[in-house]
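This report is meant for a reader meeting the structure for the first time. It takes up helix packing and then some local features of the backbone.

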Amino acid sequence: MTDCSLCQYVELFVKYYLYAWAAGLGLWFLLILASKVGSDGNKLRYYAKYGMIYCATQAFTTLFAPFSLLRPRNPANAGIICAVASKASSLLPITWELRNARILREAEGAVVMANHQSSMDILGLEILWSTMRNVISIAKKEMLFIIPFGPAAWLAGITFINRKNRPSAMKTLDGCKRKMVEQGFKMYIYPEGTRYPERGMLPFKKGGFHTAIEAGVPIIPVVFSHIYFIDAKKYSFKPGHVIMNVLEPIPTKGLTKDNLDELIKRTRDAMLAEYEKLTAEMDANLADPKWVRASRPRFVSYDGKKTN
């Protein structure tokens, strides 16, 4: 019988792919166990919980790469990854509440802007993904070179942008504009450009606003309530609740670059005002022992505003 070289390679690939799955699952269970060690404030417990986020997102993205090859660069791949990762992250003691979900679900072509507080925001995006559908997720190009996650994320449809090279960044955004205008995609970005764990928001970068104006698509602000239950200085990661409120779309049709600063101010003012409202609501909730002790579903979505 003649040896089949291709068969040998396939067998070797399957063998090591199964090993990778076993290693990933083993790491996942170790992180779960470590997240139960000691009390709040324990460093191992703290980092294990963050490790669960990265493992659920990055490890599964990497392990899903062979399936992404069947339809490379298709954002639907990222949708599957987000669905699985968000389910896996249900082991973390966090509950989520989405208000005005109808706006995100019905929008066709838009730039969705959210405040950026911590790595926890990746879980928020994963939960929002099923409501938004057809999402263009933007990541900094440096992440592309994190092996093997970067290439796997690229295959899954994540768009990487080189912020340090303006011509390259504009070319990338031009592709995003076409998808928003021609196919109704939503581009999800963090206008602050970096994480800000304190209360409030950083000044907004201009790139996403330029793109919205040039594409003539609305901006949909999404405001996350303050991540009060995480304190990096004290290695504290307690059970918590996050409210995500979708604001009314801000139209950009007819606007030009001369309106850019006004558009940025209008968007940031609206998001900051809503953030302060949510912060006051959450502070009042935390002062109520009944609310603190109450059992809540992991995720609840309201088409409009929440009603008591």
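At what angle do helix 4 and helix 6 pack, and how far apart are their axes? In this model, which is predicted, helix 4 (residues 75-88) and helix 6 (residues 121-132) pack at an angle of about 120°, and their axes are 9 Å apart. That angle makes helix 4 oblique to helix 6, and the crossing of the two is left-handed. On the side of helix 4 the contact is made by Pro-75, Ala-78, Gly-79, Cys-82, Ala-85 and Ser-86, while helix 6 contributes Glu-126, Ile-127 and Trp-129. Sorted by class, the contact of helix 4 with helix 6 has 6 nonpolar, 2 polar and 1 charged residues.

A second pair can be described in the same terms. The axes of helix 8 (residues 166-183) and helix 9 (residues 207-215) come within 10 Å and cross at roughly 45°. Helix 8 and helix 9 are therefore oblique to each other, and helix 8 passes helix 9 in a right-handed crossing. Met-170, Leu-173, Lys-177, Met-180 and Val-181 of helix 8 make the contact with Gly-207, Thr-211, Glu-214 and Ala-215 of helix 9. By class, the contact of helix 8 with helix 9 has 5 nonpolar, 2 polar and 2 charged residues.

Helix 6 deserves a further look. At 1.5 Å a residue, its 12 residues should span 16 Å, and the end C-alpha atoms of helix 6 are 16 Å apart, which agrees with that expectation. Helix 6 is mostly covered, with 10 of its 12 residues buried. Among the buried residues of helix 6 are Glu-126, Ile-127 and Trp-129, and these are the residues with which helix 6 takes part in the contact with helix 4. The buried residues of helix 6 also include Asp-121, Leu-123, Gly-124, Leu-125, Leu-128, Thr-131 and Met-132.

Just after helix 6 comes Arg-133, with a positive phi. Arg-133 and Asn-100 are set side by side in the table.

| Residue | Phi | Place | Relative accessibility |
|---|---|---|---|
| Asn-100 | about 60° | loop between strand 1 (94-99) and helix 5 (101-106) | 11%, buried |
| Arg-133 | about 55° | loop between helix 6 and strand 3 | 45%, partly exposed |

Asn-100 has its positive phi although it is not a glycine, and likewise Arg-133 has a positive phi without being a glycine. Are these residues buried or exposed? At 11% relative accessibility Asn-100 counts as buried, because the limit for that class is under 20%, whereas Arg-133, at 45%, counts as partly exposed.

Another backbone feature is found at Pro-148, which has its place in the loop between strand 3 (135-140) and helix 7 (149-155). A cis peptide bond joins Ile-147 and Pro-148, with omega at about 0°.

Finally, Ser-225 is found in the loop between strand 6 (219-224) and strand 7 (230-231). At 0% relative accessibility, Ser-225 counts as buried. Which residues does Ser-225 touch, not counting residues up to four places away in sequence? Ser-225 touches Gln-117, His-241, Val-242, Ile-243, Tyr-275, Leu-278 and Met-282.

Key:
Residues are numbered from 1 along each chain as its sequence is written. This is a predicted model: local features need pLDDT of at least 70, side-chain atom pairs count only at pLDDT 80 or more; totals for chains, interfaces and linings use all residues. Side-chain values use heavy atoms; hydrogens and water are left out. Axes are lines fitted to C-alpha atoms, for helices over the stretch in contact, and angles run from 0 to 180 degrees between N-to-C directions. Helices (H or I, at least four residues) and strands (E, at least two) are DSSP runs, numbered from the N terminus. Angles under 35 degrees count as roughly parallel, over 145 as roughly antiparallel, 65 to 115 as roughly perpendicular and the rest as oblique. A crossing is left-handed if the near helix is turned anticlockwise from the far one by less than a right angle, and right-handed if clockwise. Contact means heavy atoms within 4.5 Å. Ala, Val, Leu, Ile, Met, Phe, Trp, Tyr, Cys and Pro count as nonpolar, Asp, Glu, Lys and Arg as charged, and the others, Gly among them, as polar. The expected span of a helix is 1.5 Å times one less than its number of residues. Buried means under 20% relative accessible area, exposed over 50%, partly exposed in between (1.4 Å probe, protein chains only).
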